[in-house]
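Below is a brisk report on one chain. It starts from one residue and works outward to the sheets and loops.

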Amino acid sequence: SSDRIPAEEPSDAGAVRTETHSANMLRASIAPDVPGWLVFHVPAYPGWTASVDGEPRPLVPANGLFQAVAVRPGDREVTFQFDLLTSILASRGGGNR
């Protein structure tokens, strides 16, 4: 399915350095040499979002439990952010009442 990362052999696609890490946010500097996936080792849960160089990118399931974002050569910064309000609305059916 296209909503999951492909099951390929892991490769060393470039450097990743954590810049900021808290309970609701992780920001990392990246330098990918090839297109690939940055896997975020936090359980997939509504409310998490990802952006790359300030532009939103979709999160996809990774390794059955975690989430990942696509990265490409030239990308410089990835931010994973948790929004409690989005999480609450998702748990209540999306807030479309």
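Thr 79 sits in strand β8, which covers residues 77-82. The model is a predicted one. Thr 79 has a relative accessible area of 8%. That is under 20%, so Thr 79 counts as buried. Its side chain makes a polar contact with the side chain of Arg 27, at 3.2 Å. Beyond its neighbours within four places in sequence, Thr 79 is in contact with Met 25, Leu 26, Arg 27, Thr 49, Ala 50 and Ser 51.

Val 78 has its own contacts. With neighbours within four places in sequence left aside, they are Leu 26, Arg 27, Ala 28, Ile 30, Leu 38, Ser 51, Val 52, Val 69 and Val 71.

**Aromatic pairs**

How many aromatic pairs does the whole structure hold? The search finds 4. One of them joins Phe 40 and Phe 80. This pair is stacked, with 4.1 Å centre to centre and 5 degrees between the planes. It links distant parts of the chain: Phe 40 lies in strand β3 (residues 36-40), Phe 80 in strand β8, and they are 40 residues apart. Phe 40 is buried at a relative accessible area of 6%. Phe 80 is buried too, at 0%.

Another pair joins Tyr 45 and Phe 82. Their ring centres are 6.4 Å apart and their planes stand at 35 degrees, so this pair is tilted. It also links distant parts of the chain. Tyr 45 is in the loop between β3 and β4 (48-52), and Phe 82 is in strand β8, 37 residues away. Tyr 45 is partly exposed, with 48% relative accessibility. Ring pairs tie Phe 40, Tyr 45, Trp 48, Phe 80 and Phe 82 into a cluster.

**Accessibility of selected residues**

| Residue | Relative accessible area | Class |
|---|---|---|
| Thr 79 | 8% | buried |
| Phe 40 | 6% | buried |
| Phe 80 | 0% | buried |
| Tyr 45 | 48% | partly exposed |
| Asp 53 | 29% | partly exposed |
| Asn 63 | 57% | exposed |

**The nonpolar core**

Which residues make up the largest nonpolar core? It has 11 residues in all: Leu 26, Ile 30, Leu 38, Phe 40, Trp 48, Ala 50, Val 52, Val 69, Val 71, Val 78 and Phe 80. Two or more residues come from each of β2 (25-32), β3, β4, β7 (66-71) and β8. β4 gives the most, with 3 residues. Across the chain, buried residues make up 28% of the 97 residues.

**Strands and sheets**

The chain has 1 helix and 8 strands. Along the sequence, the pattern is β-β-β-β-β-β-β-β-α.

One open sheet has 5 strands in the order β1-β2-β8-β4-β5, with antiparallel pairing. Its edges are β1 (14-21) and β5 (55-57). Each has a single partner strand, so one side of each is left without a neighbour in the sheet. Neighbouring strands here are turned by 30 degrees against each other on average, direction ignored. β1 and β2 pair in the antiparallel sense over 7 bridges. Within that register, Thr 18 has Ala 28 in β2 as its bridge partner.

A further open sheet has 3 strands in the order β3-β7-β6, again antiparallel. β3 and β6 (60-62) stand at its edges. Each has a single partner strand, so each has one side without a neighbour in the sheet. The twist averages 45 degrees from one strand to the next. β3 and β7 run antiparallel and are joined by 5 bridges. Phe 40 stands opposite Gln 67 in β7.

How does contact range look over the chain? Among contacts between residues at least 6 apart in sequence, 57% join residues at least 24 apart.

**Positive phi in two loops**

Most residues other than glycine have a negative phi. Asp 53 has a positive value, near 50 degrees. Asp 53 lies in the loop between β4 and β5. It is partly exposed, at 29%. Asn 63 also has a positive phi, of about 55 degrees, although it is not a glycine. Asn 63 is found in the loop between β6 and β7. Is Asn 63 buried or exposed? Its relative accessible area is 57%, over the 50% cut-off, so Asn 63 counts as exposed.

Notes. Residues are numbered from 1 along each chain as its sequence is written. This is a predicted model: local features need pLDDT of at least 70, side-chain atom pairs count only at pLDDT 80 or more; totals for chains, interfaces and linings use all residues. Side-chain values use heavy atoms; hydrogens and water are left out. Helices (H or I, at least four residues) and strands (E, at least two) are DSSP runs, numbered from the N terminus. Buried means under 20% relative accessible area, exposed over 50%, partly exposed in between (1.4 Å probe, protein chains only). A polar contact is a pair of N or O atoms within 3.5 Å; within protein, one must be able to donate a hydrogen and the other to accept it, and residues adjacent in sequence count only if both atoms are side-chain atoms. Contact means heavy atoms within 4.5 Å. Rings of Phe, Tyr and Trp (its six-membered ring) pair if their centres lie within 6.5 Å; planes under 30 degrees apart count as stacked, over 60 as edge-to-face and the rest as tilted. A nonpolar core is a set of buried Ala, Val, Leu, Ile, Met, Phe, Trp, Tyr and Cys residues joined through side-chain atoms within 4.5 Å. Two strands pair if DSSP finds at least two bridges between them. Axes are lines fitted to C-alpha atoms, for helices over the stretch in contact, and angles run from 0 to 180 degrees between N-to-C directions.
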